Amino acid sequence: MKLATYKSGRDGVLVVVSRDLSRAIRVPQIATTLQQAVEAWDTLAPKLDEVYQALNAGTLEGAFALDMDTLHSPLPRTYHWADGSAYLNHVQLVRQARNAEMPETFWTDPLMYQGGGDSFIGPYDDIEAVSEEHGIDFEGEIAVITDDVPMAVTPEQAEGHIKLVMLVNDVSLRGLIPGELAKGFGFFQAKPASSFSPICVTPDELGEAWKEGRVHLPLTVHLNGDKFGEPEAGPDMIFTFPQLVAHAARTRYLGAGAVIGSGTVSNPDPNGGPGKPVSDGGVGYSCLAEVRMVEKILHGDSKTPFMRFGDRVRIEMFDKSGNSIFGAIDQQVVKASPKGS
């Protein structure tokens, strides 16, 4: 099943989307928002699936042509947004670039930060930034949406609470991160609003690509129209989504609509090196920081700049037949125009 949120007010309007992403239909008789749907998922999901099947069969009245520009992130806001760092190649490169060893505990205990979930931006909305000097970066990731998750669930139990899957652009301001981490209290200003793919899907919609709590497909990233990366999302994800959900719920309950991210999708080079750009025959990267780390490791200095005003990033995932699964996150960086109270 594929779902999306039409832009309208703060929480939008839930729509069911056809498998080929061409058509959609509102379902106010079932739920008006995605948040309402996940809060009563066991009751409402079968009803939504009936609509989905009829929509794909072309037997529904009231369906309309889907315009991606009209869609928000599936959850325009949520009570809980936590992002892991399950691809340890990415973590290893960060530490290697500054000549720091990676603690052994990183292989057994996931890294995770809690971000701001009060106001996500849409998949086609501009990324507003105050200054290019902040080191504007994109991060291509995958995320899941849960129903209500009890405290202290096991990974095996957590898997049953994963209801939807989507893509993420976890925007980072790299220039602000070192100073914030040096305070010993985590990210805040360095992590502005994230955005998500226009479509979220149930895990069964991914077919064989969803196994072992991971998505086994490449994540395609373009920067200013050029392919920047196509890393595989499955094999190098050290911690699965059920493990990440269980980690987030170790000492707290997660309310329905909680969003848990994978962290930046990243692959090491097959020969054990730090990875290669697409232009050199590698799978490339899902963020600018990573290519800058590789440049520093190999050449002693980072040459690739962070994003500038006017730059555009596109993040998308395709099935084995080349069909877009989630639609695309396609965003341009613009200078923010702060609005006073």
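## A first look at the chain

Start with how the chain folds back on itself: 72% of its contacts with a separation of 6 or more are between residues 24 or more positions apart, where a contact means heavy atoms within 4.5 Å. Keep in mind that this is a predicted model, in which local features need pLDDT of at least 70, side-chain atom pairs count only at pLDDT 80 or more, and totals for chains, interfaces and linings use all residues. Residues are numbered from 1 along each chain as its sequence is written, and side-chain values use heavy atoms, with hydrogens and water left out.

**The whole chain**

You'll find seven helices and 20 strands here; helices (H or I, at least four residues) and strands (E, at least two) are DSSP runs, numbered from the N terminus. The radius of gyration is 19 Å, close to the 20 Å that the globule rule gives for 341 residues, so the chain is as compact as a globular protein of that length. That radius is taken over C-alpha atoms, and the globule rule is 2.2 Å times the number of residues to the power 0.38. Along the principal axes, the C-alpha atoms fill a box of roughly 60 × 50 × 45 Å.

How much of the chain is buried? Of the 341 residues, 54% are; buried means under 20% relative accessible area, exposed over 50%, and partly exposed in between (1.4 Å probe, protein chains only). As for the outside, the accessible surface comes to about 15300 Å², and 49% of it belongs to carbon and sulfur atoms. Those areas come from the Shrake-Rupley method with a 1.4 Å probe, and for residues only the protein chains shown count as cover.

**The inside**

A nonpolar core is a set of buried Ala, Val, Leu, Ile, Met, Phe, Trp, Tyr and Cys residues joined through side-chain atoms within 4.5 Å. The largest one has 71 residues, and I142, V165, I199, L206 and M317 touch the most other members. A second, separate core of 31 residues includes L34, W41, Y52 and M166. I142 is in contact with residues such as V165, M166, F241, I260 and M317, leaving aside neighbours within four places in sequence.

F241 also belongs to helix α6, where P242, L244, V245, A246 and A248 are buried along with it. Six of the eight residues of α6 (residues 241–248) are buried, so this helix is largely enclosed by the rest of the structure. Its buried residues pack against several elements, including β9 (140–146), α4 (155–159), β10 (162–169) and β18 (259–261).

Strand β10 also holds K163. Is K163 buried or exposed? At 13% relative accessibility, K163 counts as buried. Among the residues K163 touches, not counting those up to four places away in sequence, are W41, D42, I145, D147 and P203.

**Residues in the loops**

Several loop residues are worth a click. Here is how accessible five of them are:

| Residue | Loop | Relative accessibility |
|---|---|---|
| A328 | between β19 (312–316) and β20 (329–335) | 1%, buried |
| L21 | between β2 (13–17) and β3 (23–26) | 11%, buried |
| S85 | between β5 (81–84) and α3 (88–97) | 15%, buried |
| L60 | between α2 (41–57) and β4 (64–65) | 29%, partly exposed |
| E212 | between β14 and β15 (214–215) | 58%, exposed |

Take A328 to begin with. Leaving aside neighbours within four places in sequence, A328 is in contact with P123, Y124, P198, R314, I315 and E316. A328 and L71 are 257 residues apart in sequence and 11 Å apart in space, C-alpha to C-alpha.

S85 touches V91, L111, S262 and G263, not counting residues up to four places away in sequence. With that exclusion again, L60 touches I25, V51, A54 and L55. The C-alpha atoms of L60 and S18 are separated by 11 Å, with their positions 42 residues apart along the chain.

Then there's the backbone. Which phi value does L21 have? Phi of L21 is near 65°, a positive value in a residue other than glycine. E212 isn't a glycine either, and its phi is positive too, at about 55°.

One more loop, between α7 (288–299) and β19, holds F306. Apart from neighbours within four places in sequence, F306 is in contact with G135, I136, D137, R174, L288, A289, R292 and D311. From F306 to D20, 286 residues apart along the chain, the C-alpha atoms are separated by 34 Å.
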